[in-house]
Amino acid sequence: MPKKIIAGNWKMFKTNPEAVRLVKQLNQKLKRSPAKKSSVVIFPPFTALSKVSDELKGSKIETGAQNLFWEEEGAYTGEVSAKMIKSTGAKWVIIGHSERRQYFKEEEKIINRKIKIALLNKLKVIFCVGETLEMREQNLTKDIVINQVEWGLKGLLPEHLKNLVIAYEPVWAIGTGKTATPKQAQEIHALIRDILVPLFNEKTSRNMTILYGGSVKPNNAAGLFAQKDIDGALVGGACLKADSFYRIIKAGEKSF
Ligand code: PGA
C-alpha cells in the first residue's frame, strides 16, 4: 500500500512571525486529534524553514523546502543546496512544481538533476507533473505526463524511488479554484502508476505515493481521496490557514 501524505506548499507566503503562528496553530490541532492515516508535511519558504522545523521538533509533522539547486555547493549566488536544506531539520523538497517550470523555465533535464542531487543527499522528493490547459484542450495530457515522468526519473533505480512521491498537478487547476474532478484526477493517477511498471517494476508502481494537487479544499478533498490511486494531496492556498489545512487532513482520516 502506498503511504498516504497530506502536504502543504506555502509558496511565497508567511514572514517568520506569521510562519511560527501558523505552525503553532496547526501543531495544536494535530496534538489534540492526530493524523493516524497520513503523514503531514509542510513546505514553508526557505527563510522560515529553520524556525518552523525547530518549532515542530518532537511532533510528527515534517518539513521540506520548495526548491533546491542541482550542485552540491559553489559560486551560485542566491541558490540553496540540499545540505543547507537538511541542516535546517527539513527532510523533504518539492521539485518540478509548475510555477518553477513556468516562471523560472525549469525543464525536464534540470528537474532530473535536481531530483538526483536531492536523493543523493537523502532528501525525500515530491516530484510534480501536470499539463497546462492548452495541452489538455489539444488532448495532449497523457503524452505530456508520460514525458515528464520519464524525463524526471531518468537514470534512477527502483530503490531510489522509495524516497520519492509523485504529485499530479494539472496547471489549470492550480490556484484557480477549478479542481480536476475525482474522475479526471484518477485517470491520470492510474496512468502514472501504469507507466512506472515498464520504467521500474510492479512493486515500485504499486507502492508509489501519488498525490493530487490543484485547488484541493476541505469541501472537495474527500471525493478525491476516495479514488483508488489518489494517495493524498499537495495543497497550496488552503494550507495557509491552520483550520482549512487541518480539515483536509481530517478528510484523509475518513477516506483512506
Ligand atoms: P493550490 O496550489 O492548492 O493553491 O491550487 C497547489 C499547488 O500549487 O501545489
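The expected span of a helix is 1.5 Å times one less than its number of residues. This rule can be applied to the structure shown above, which is a predicted model.

## Helix α7

Helix α7 covers residues 141-152, and because each residue should add 1.5 Å, its 12 residues are expected to span 16 Å. The C-alpha atoms at its two ends are 16 Å apart, which agrees with that expectation.

Which residues of α7 are buried? They are Thr141, Ile144, Val145, Gln148, Val149 and Gly152. When the helix is viewed down its axis, these buried residues fall within an arc of 125 degrees, so they line one face of α7.

Val145 illustrates this buried group. This residue is found in helix α7, and its relative accessible area is 0%; buried means under 20%, so Val145 is buried. Val145 also has a partner from another part of the sequence: Tyr168 is 23 residues away along the chain, yet the two C-alpha atoms are 8.5 Å apart in space.

Tyr168 takes part in a further pairing. Its side chain makes a polar contact of 2.8 Å with the side chain of Glu131. Glu131 lies in the loop between β5 (124-129) and α6. With a relative accessible area of 0%, Glu131 is buried.

## The surroundings of the ligand

What surrounds the ligand? The residues around it are Lys11, His97, Glu169, Ala173, Ile174, Gly175, Gly214, Ser215, Leu234, Val235, Gly236 and Gly237. Sorted by class, this shell has four nonpolar, six polar and two charged residues.

Several short distances link oxygen atoms of the ligand to the protein, and the table lists three of them.

| Residue | Part of the residue | Distance to an oxygen atom of the ligand |
|---|---|---|
| Glu169 | N or O atom in the side chain | 2.6 Å |
| Ser215 | backbone N or O atom | 2.7 Å |
| Gly237 | polar backbone atom | 2.8 Å |

On its own, the ligand has 280 Å² of accessible area, and the protein covers 97% of this area.

Two members of the shell, Ile174 and Ser215, can be described further. Ile174 is placed in the loop between β6 (164-168) and α8 (182-199). Its relative accessible area is 13%, and Ile174 is therefore buried. Val235, which also belongs to the shell, is 61 residues from Ile174 along the chain, while the C-alpha atoms of the two residues are separated by 9.3 Å.

Ser215 occupies the loop between β7 (210-213) and α10 (221-225). At a relative accessible area of 8%, this residue is buried.

## Two positive phi values

Most residues other than glycine have a negative phi. Against this background, Ser215 deserves attention, since its phi is positive, near 55 degrees. Asn139 also has a positive phi, near 65 degrees, and is likewise a residue other than glycine.

Is Asn139 buried or exposed? Its relative accessibility is 70%; exposed means over 50%, so Asn139 counts as exposed. Asn139 lies in the loop between α6 (133-137) and α7. Ser215, by contrast, is buried.

## Further positions along the chain

Gly232 is found in strand β8, which comprises residues 232-235. At 0% relative accessibility, Gly232 counts as buried. The C-alpha atom of Gly232 is separated by 9.9 Å from that of Ala222, a residue 10 positions away along the chain.

Pro182 lies in helix α8. Its relative accessible area is 28%; partly exposed covers the range between the limits of 20% and 50%, so Pro182 is partly exposed. Between Pro182 and Tyr212 there are 9.6 Å from C-alpha to C-alpha, although the two residues are 30 positions apart along the chain.

How values were computed:
Residues numbered from 1 in each chain as written. Predicted model: local features only at pLDDT ≥ 70, side-chain atom pairs only at ≥ 80, totals over all residues. Heavy atoms only, no water. Near = heavy atom within 4 Å. Polar contact = N/O pair within 3.5 Å; in protein donor to acceptor, adjacent residues only side chain to side chain. Areas by Shrake-Rupley, 256 points an atom, 1.4 Å probe, with all protein chains shown as cover. Nonpolar A, V, L, I, M, F, W, Y, C, P; charged D, E, K, R; others polar. Helix = DSSP H or I, 4+ residues; strand = E, 2+ residues; numbered from the N terminus. Buried < 20%, exposed > 50% of the residue type's maximum accessible area, 1.4 Å probe, protein only. Arc of directions from axis to C-beta.
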